[in-house]
Amino acid sequence: MAEIKYKNVRVSAIAACVPRKIHYNTDEKTVENVGIKEKRIADPGVTASDLCFKAAEKLIADNNIDKNSIDMVLFMSQLPDYRIPATAPLLQHRLGLPTTTAALDLSLGCSGWVYALSTAMAYASMEGINRVLLLDGDTLSKIINPKDKVDGPLYGDAGTATLVEKYEGAGKIYFSLFSDGAGEDAVKVRAGGARYMVTEEALQEHEEADGSILRDTEIYMNGMEVFNFVMRVVSKSIKGMCATANIDINNVGHVVLHQANKFMTDFIAKRIKCSMEKVPYCLDRFGNTSSPSIPLTISSELHDKELSDAIVCGFGAGLSWATAYLSLKDCKVSPVIEY
């Protein structure tokens with residue numbers, strides 16, 4: 001297990017952007033089971049980087065950030081603009097950041113923001129880097145088969161921006177990061193990488209054992225396998241973080257979970273014996289947005305709240321999961337914008 005402690009760095013600002021287009025789940029059983037009433041779907045041609053760009057503009061404007069003070073851009077997504085080149089340098093140029101800005105792409109599933117936040121803090125802890133702009137977005141609607149009644153109701157699109165910076169005397173921050181690649185088939189797009197290129201066969205629709213209709217270029221999730229994985233590791237990880245940080249879950253300001261499934265996250269909250277008032281949700285309005293779901297939830301539900309600290313936990317494809325304890329005192333959170 002990778003356990004990391006940071007000091008003298010902080011999360012200073014968060015912003016989020018979602019597409020304006022709303023897609024409604026009309027099946028009452030689906031809404032009851034997963035808790036998703038509606039989600040946001042990006043128009044054709046609108047990418048994760050577009051949504052992140054808008055979120056970054058909002059963050060920079062709301063906090064009067066000098067663009068020359070940003071030393072690095074990280075872009076976390078499973079859907080970059082291109083296979084080559086990386087998207088982070090494109091966002092550096094598009095945002096008008098100086099060419100002295102480092103830029104790096106990262107890729108991970110629903111644990112991605114927590115992992116990427118740890119990466120941002122590692123860079124911000126180094127001499128020569130003071131501010132890191134973490135852009136995290138996904139548009140999974142673009143790789144969902146409309147005939148897939150299993151995955152179709154779940155996924156929405158979003159982009160977020162998080163500013164990490166050096167700050168003398170910042171509150172304590174802890175991370176615990178995990179992975180289990182034995183579960184690679186639980187959530188997967190089979191075709192499109194170097195191991196299985198896009199072929200005519202990959203573009204043909206087929207039916208999975210659970211009734212999902214999809215192509216090998218579209219996302220497949222084994223819901224039961226993912227559910228069992230989450231039940232096995234997530235509450236244990238959160239309890240472990242409380243022990244590592246020497247905190248009581250009842251004294252934490254908020255517990256922000258990846259917005260995967262209402263039944264699942266409610267179960268986690270009960271298992272860790274956390275008051276539901278401390279567990280914010282935006283799942284019902286935005287669906288499962290993958291890695292940006294945690295900062296999206298903070299932007300949506302906590303922008304008008306006085307923040308102190310939080311436990312955040314992301315979990316999903318990889319399989320991977322990550323938990324962090326963050327001081328969010330003085331973090332400026334912008335309300336969600338639409339694009």
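Trainee: Which residues of H2 are buried?

Mentor: This is a predicted model, where local features need pLDDT of at least 70, side-chain atom pairs count only at pLDDT 80 or more, and totals for chains, interfaces and linings use all residues. Numbering runs from 1 along each chain as its sequence is written, and side-chain values use heavy atoms, with hydrogens and water left out. Buried means under 20% relative accessible area, with exposed over 50% and partly exposed in between (1.4 Å probe, protein chains only). In H2, a helix (DSSP H or I run of at least four residues; strands are E runs of at least two; both are numbered from the N terminus), that gives Ala48, Ser49, Asp50, Leu51, Cys52, Phe53, Ala55, Ala56, Leu59 and Ile60.

Trainee: What do they pack against?

Mentor: Look for contact, meaning heavy atoms within 4.5 Å. The partners of H2's buried residues are strands S2, S5, S7 and S8, plus helix H3.

Trainee: What should H2 span at 1.5 Å a residue?

Mentor: H2 covers residues 48-62, so 15 residues go in. The expected span is 1.5 Å times one less than that number of residues. The end C-alpha atoms agree with the prediction, and both come to 21 Å.

Trainee: Is leucine 296 buried or exposed?

Mentor: Leucine 296 sits in helix H8, residues 293-302. Beyond its neighbours within four places in sequence, its contacts include Ala16, Val18, Phe286 and Val336. Its relative accessibility is 0%, so leucine 296 counts as buried.

Trainee: How many residues of the H5 and H6 contact are nonpolar?

Mentor: Among those meeting are Phe227 and Val230 from H5, and Phe263 and Arg271 from H6. The contact has 1 polar and 2 charged residues, and its nonpolar count is 9.

Methods:
Nonpolar A, V, L, I, M, F, W, Y, C, P; charged D, E, K, R; others polar.
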